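Here's a walk through one model, written for someone who likes the cut-offs spelled out. Have a look at the sequence and the 3D view first, then read on.

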Amino acid sequence: MEIKVGEKILSKNDQIALETKKILDEKGIFCINMMSSPGSGKTTILEKTIPQLMGKMRVGVIEGDVATEIDASRIEKFEIPVVQITTDLFGGSCHLSAKMIADRINDLPLDELDLIIVENVGNLICPAGFMIGADADVVVLSLTEGPEKPLKYPAIFQKSHIALVNKIDLAEVLEIDLDTIKGNVEKINPKLEKVFLSARTGAGFSEWIHWIEDNVRTKKGL
Ligand SMILES: Nc1nc2c(ncn2[C@@H]2O[C@H](COP(=O)(O)OP(=O)(O)O)[C@@H](O)[C@H]2O)c(=O)[nH]1
Ligand SMILES: [Mg+2]
């Protein structure tokens, strides 16, 4: 009985997500759902990514956190549209739901955007269970979390379209071999595309920027 209730809530979530996806499809907007543990470097990656996209495409950002507008204010300096969702209004949930996105998506100027990046609330578990209407799920794993995390939290690596392995500038000090992380990701999802990044030094960003550009072009049928 309890399981049936859970199923209904999830399917309602997915229904709302599909409605959001339809709106974004009609507008030709490519939408990325960025998920990770807190502190993996999502906002720092955005701070490095946005300037490299400006002038090539119009970008909007949705920031998700339990509390504060700290991340939205980090993005506002680029003078692009940004919306902060704080889940303390919804019991402090650890993920963004489709309804939270649907309720705020029109706060972004949809007719003036090519790309929306959603920075989800952080952990490697809950966000994986909730569609929000994005085209692509991006999981960020940073070296400081330890190389075995894909094995411990497989679902998010199974459903994602690309994995960003961040903080590679710390590989030496953390004594982590990037091939170990690569191997662990491949054990869970052999097909998952991986990009090794440092949001500190900028290493790996050209590959990530190309991935975004290709997908935005494809979404627009170009
Ligand atoms: N050394 C290093 N630090 C990073 C890198 N990316 C992010 N950080 C740091 O990690 C911390 C958390 O970053 P933040 O972007 O706020 O993570 P978020 O919670 O996933 O948005 C900050 O102190 C960043 O400066 C990186 O590539 N290398
Ligand atoms: Mg952040």
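## Phe90 and Ser93 in one loop

Phe90 is partly exposed, with a relative accessible area of 43%; on this scale buried means under 20%, exposed over 50%, and partly exposed anything in between, using a 1.4 Å probe and protein chains only. Phe90 sits in the loop between strand 3 and helix 4. (Helices are DSSP runs of H or I with at least four residues, strands are runs of E with at least two, and both are numbered from the N terminus.) Phe90 is 24 residues from Val66 in sequence, yet their C-alpha atoms are 9.0 Å apart in space.

That loop, which joins strand 3 (82-86) to helix 4 (98-104), also holds Ser93. Ser93 is buried, at a relative accessible area of 16%. Setting aside neighbours within four places in sequence, Ser93 is in contact with Val66, Thr87, Met100 and Val121, where contact means heavy atoms within 4.5 Å. The Ser93 side chain also reaches the backbone oxygen of His95 at 2.9 Å.

## Ground rules

The model is predicted, so local features need pLDDT of at least 70 and side-chain atom pairs count only at pLDDT 80 or more, while totals for chains, interfaces and linings use all residues. Residues are numbered from 1 along each chain as its sequence is written, chains are lettered from A and ligands numbered from 1 in the order in which they are written, and side-chain values use heavy atoms, with hydrogens and water left out.

## The magnesium site

Which residues hold the magnesium ion (ligand 2)? Thr43 (OG1), Asp71 (OD) and Glu119 (OE) coordinate the ion, at 2.1 Å. Donors here are N, O and S atoms within 2.8 Å of the metal (3.2 Å for Na, K and Ca), and since water is not among the atoms, sites may look incomplete. Along the sequence the donor residues are spaced T-x27-D-x47-E. Thr43 belongs to helix 2 (residues 42-53) and Asp71 to helix 3 (residues 70-76), so this pair ties together parts that are 28 residues apart in sequence.

Two of these donors are tucked away: Thr43 counts as buried at 5% relative accessibility, and Asp71 is buried at 9%.

## Around ligand 1

Ligand 1 has 16 residues around it, and Gly39, Thr43, Thr44, Asp169 and Ala199 come nearest; a residue is near if one of its heavy atoms lies within 4 Å. Thr43 turns up again here, with a polar side-chain atom 2.8 Å from an oxygen atom of ligand 1. Polar side-chain atoms of Arg74 and Lys167 do likewise, at 2.9 Å for Arg74 and 3.1 Å for Lys167. (A polar contact is a pair of N or O atoms within 3.5 Å; within protein, one must be able to donate a hydrogen and the other to accept it, and residues adjacent in sequence count only if both atoms are side-chain atoms.)

Lys167 has a backbone quirk too: its phi is positive, about 70°, although it is not a glycine. Lys167 is placed in the loop between strand 6 and helix 7 (171-174) and counts as partly exposed at 21% relative accessibility.

## Helix 8, inside and out

Which residues of helix 8 (residues 178-188) are buried? They are Ile181, Asn184, Val185 and Ile188. Looking down the axis, the buried residues fall within an arc of 100°, so they line one face of the helix; the arc is that of the directions from the helix axis to the C-beta atoms. Asp179 and Lys187 are exposed on the other side.

The cover over the buried residues of helix 8 includes strand 5 (136-142), helix 6 (154-159) and strand 7 (193-196). At the N-terminal end, Asp177 acts as the cap, with a side-chain oxygen 3.1 Å from the backbone nitrogen of Asp179.

## The nonpolar core

The largest nonpolar core has 31 residues, and Ile32, Leu115 and Trp208 are among those with the most contacts inside it. A core of this kind is a set of buried Ala, Val, Leu, Ile, Met, Phe, Trp, Tyr and Cys residues joined through side-chain atoms within 4.5 Å. Helix 9 gives the most to this core, with 6 residues.
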